[in-house]
Amino acid sequence: MKTRISRWAVNGLLAVAIMLVLAVAIVCSVVPNSPVTASDPGSGDWPMWGGTADRNMVSTMKGLPAEWDVEKKKNIKWVATLGSQSYGNPVVAGGQVYVGTNNEALRDPKQPGDRGVLMAFRESDGEYLWQHTNEKLAAGRVNDWPFQGVCSSPLVEGDKLYYVTNRCELVCLDTQGFRDGENDGPFKEEKLTSPTDADIVWKFDMIEEVGSHPHNMSNSSPVSFGDLLYVCTSNGQDESHVNIPSPKAPSIIAINKKTGKLAWEDNSVFDRILHGQWSSPTVGKIGDVVQVVHGQGDGWVRGYEALTGKKLWEFDSNPKDSVWPKTRNELISTPVIFDNKVYIANGQDPEHGEGIGHLYCIDATKRGDITKTGLVWHYDKIRRSISTAAIQDGLVYYSDFSGFLHCLDAKTGQAYWVHDMFAAIWGSPLVADGRVYLGDEDGDVVVLQAGKEKKVLAEMNMGSSVYSTPVPANGALFIFNRNQLFSIAVKGTPAPPKASTQR
Ligand SMILES: [Ca+2]
Ligand SMILES: [Ca+2]
């Protein structure tokens with residue numbers, strides 16, 4: 001089975017409790033990108049998968065291009081060369097753009113062969129700045145499928161970047177690399193320290209530290225709250241697709257972003273992993289509690305108290321009579337938190353092809369097994385999906401692997417329209433500037449009018465498969481096909497804020 005997934009992760013002392021409450025209050029009041037505020041980064045950047053910690057694929061940005069032409073270069077600001085396959089969706093922050101790809105563009109002959117590569121480009125003109133390359137894991141395809149590159153989408157906060165390598169490591173990098181002439185630590189053992197090399201601050205090896213056995217690829221896109229980072233371990237089956245070598249390894253871990261040390265872990269799944277674990281975690285305030293929500297390897301969605309890891313609720317995304325792999329699905333989509341609810345569809349590894357899927361709206365203020373008590377609505381006209389929701393103006397847009405984009409009422413699940421892309425959809429819809437942007441495997445990006453009435457505004461071909469999700473930043477759209485990253489903007493769009501590397 002081939003896997004190519006990009007979207008495809010207190011104690012009771014009064015004093016400590018008070019400190020935590022204060023810490024939360026401070027985080028909520030002074031951090032502009034606080035996950036408990038509205039679903040827009042606000043800064044013009046798109047600093048993580050989904051833009052904000054609730055992962056809702058929407059933006060309030062205006063002036064985005066409604067059409068472009070790759071061949072005629074219309075509204076194409078710049079194009080950057082990537083490896084031969086790219087799955088780590090673009091992130092834009094601090095004047096730089098980051099993508100996960102493979103090593104087939106070979107930027108540095110001193111780092112040859114098949115590797116996972118995180119590349120950084122200057123946002124204003126697409127100039128290549130630096131890269132972090134990772135050799136493949138020795139076990140090969142069972143843990144680290146050839147030529148899939150880096151499949152994680154980074155999280156950028158200030159001058160720190162966090163992402164998961166193809167080697168199942170959560171790493172913290174300096175966004176300036178060695179261009180600032182300093183080797184940031186505690187990690188200072190870098191062998192390559194030229195201006196195009198990555199400066200590692202710390203790394204957490206999930207294979208060594210928590211015993212993860214990643215199935216085919218480690219892909220989790222980190223999210224944070226306060227001092228904690230959250231990632232999925234990608235722990236899964238071995239090549240037999242029967243054995244689970246590390247049933248005791250957690251599905252989700254929280255790591256202190258300052259120290260790189262484990263803060264909490266949870267392994268509710270244990271030995272019930274259906275296949276792999278490739279859903280990225282989401283953070284948001286639900287009721288009065290900031291939760292981390294995660295789709296896990298047994299097909300259940302679980303919610304945790306973000307600071308402590310206390311499990312609050314769990315929800316089975318499969319009908320009880322379903323059978324793996326025919327009718328029972330795994331969770332590859334990222335959950336979206338919106339208005340105290342969680343939106344997520346289930347599906348399977350693209351290599352498993354098409355099949356029936358299920359989309360849910362879950363009331364995450366409930367506690368315990370909320371499969372029945374937390375069900376707000378269930379939509380069964382969706383096919384298997386690995387996409388993530390975009391929710392705006394009372395409408396939820398959700399795409400499936402069979403090529404259909406569904407527009408539903410967010411409160412009731414009533415369908416308003418369905419659009420057929422006639423090709424598999426790996427990415428997710430982006431809703432911004434009154435439009436819905438969505439790419440497909442044929443390389444087409446469709447632009448629809450957002451709203452209850454279906455209206456196709458434009459469709460452009462990008463030259464090869466678009467497995468990515470369009471990302472808006474500072475008036476431009478960032479979209480990659482298999483091997484090229486495009487910055488797409490209406491001519492005359494003001495330049496993005498200066499990159500700190502240009503100071
Ligand atoms: Ca540095
Ligand atoms: Ca370093």
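**A five-stranded sheet, two calcium sites and some unusual backbone spots**

In this predicted model, five strands come together as an open sheet, running in the order β1-β28-β29-β30-β31 with mixed pairing. The edges belong to β1 (58-59) and β31 (456-461); each has a single partner strand, so one side of each is left without a neighbour in the sheet. Inside the order, β29 (residues 435-439) pairs with β30 (residues 444-449) in the antiparallel sense, and five bridges hold the count for that pairing. Within this pair, R435 sits opposite Q449 of β30.

Next come the metals, beginning with the calcium ion called ligand 2. Its donors are N183 (OD1), D184 (O), F187 (O), E190 (OE), D199 (OD) and I200 (O), at 2.2 to 2.4 Å. The angles among these six donor atoms run from 77 to 177°, and the site is octahedral. For comparison, six ideal octahedral donors make angles of 90 or 180 degrees at a metal. Read along the sequence, the donor residues of ligand 2 follow the spacing N-D-x2-F-x2-E-x8-D-I. Distant parts of the chain are linked here: N183 lies in the loop between β9 (169-174) and β10 (199-205), while I200 is in strand β10, 17 residues apart. As for accessibility, N183 counts as partly exposed because its relative value is 24%, whereas I200 has 6% and so counts as buried.

The other calcium ion, ligand 1, is coordinated by D174 (OD), G177 (O), D180 (OD), D180 (OD), E182 (O), D184 (OD) and D199 (OD), at 2.3 to 2.8 Å. D180 is listed twice among these donors. The spacing of the donor residues for ligand 1 reads D-x2-G-x2-D-x1-E-x1-D-x14-D. One of them, G177, has a relative accessibility of 0% and therefore counts as buried. Two residues turn up at both ions: D184 gives its backbone O to ligand 2 and an OD atom to ligand 1, and D199 offers OD to ligand 2 as well as to ligand 1.

The loop between β9 and β10 also holds P186, and the peptide bond leading into P186 from G185 is cis, with omega near 25°. Another cis peptide bond joins W324 and P325, this time with omega at about -5°. P325 belongs to the loop between β18 (311-316) and β19 (336-338).

Positive phi values also show up in residues other than glycine. R55 is one of them, with phi near 65°; R55 lies in the loop between α1 (14-30) and β1. With 0% relative accessibility, R55 counts as buried. L106 is another case, its phi being near 30°, and its place is the loop between β4 (96-102) and β5 (115-122). Unlike a buried residue, L106 has 40% relative accessibility and so counts as partly exposed.

Finally, the cysteines. Searching the whole structure turns up zero disulfides. C172 is in none, and the nearest cysteine sulfur, from C168, is 17 Å away. C172 itself is buried, at 1% relative accessibility. For C361, the closest cysteine sulfur is that of C407, and because the two are 15 Å apart they are too far for a bond. C361 likewise has a relative accessible area of 1%, and is buried.

Methods: Residues numbered from 1 in each chain as written. Chains lettered and ligands numbered in written order. Predicted model: local features only at pLDDT ≥ 70, side-chain atom pairs only at ≥ 80, totals over all residues. Heavy atoms only, no water. Donors = N, O, S within 2.8 Å, 3.2 Å for Na, K, Ca; no water. Tetrahedral: all angles 85-135°; square planar, octahedral: opposite > 155°, others 65-115°. Helix = DSSP H or I, 4+ residues; strand = E, 2+ residues; numbered from the N terminus. Buried < 20%, exposed > 50% of the residue type's maximum accessible area, 1.4 Å probe, protein only. Pairing = 2+ DSSP bridges. Disulfide = S-S within 2.5 Å.
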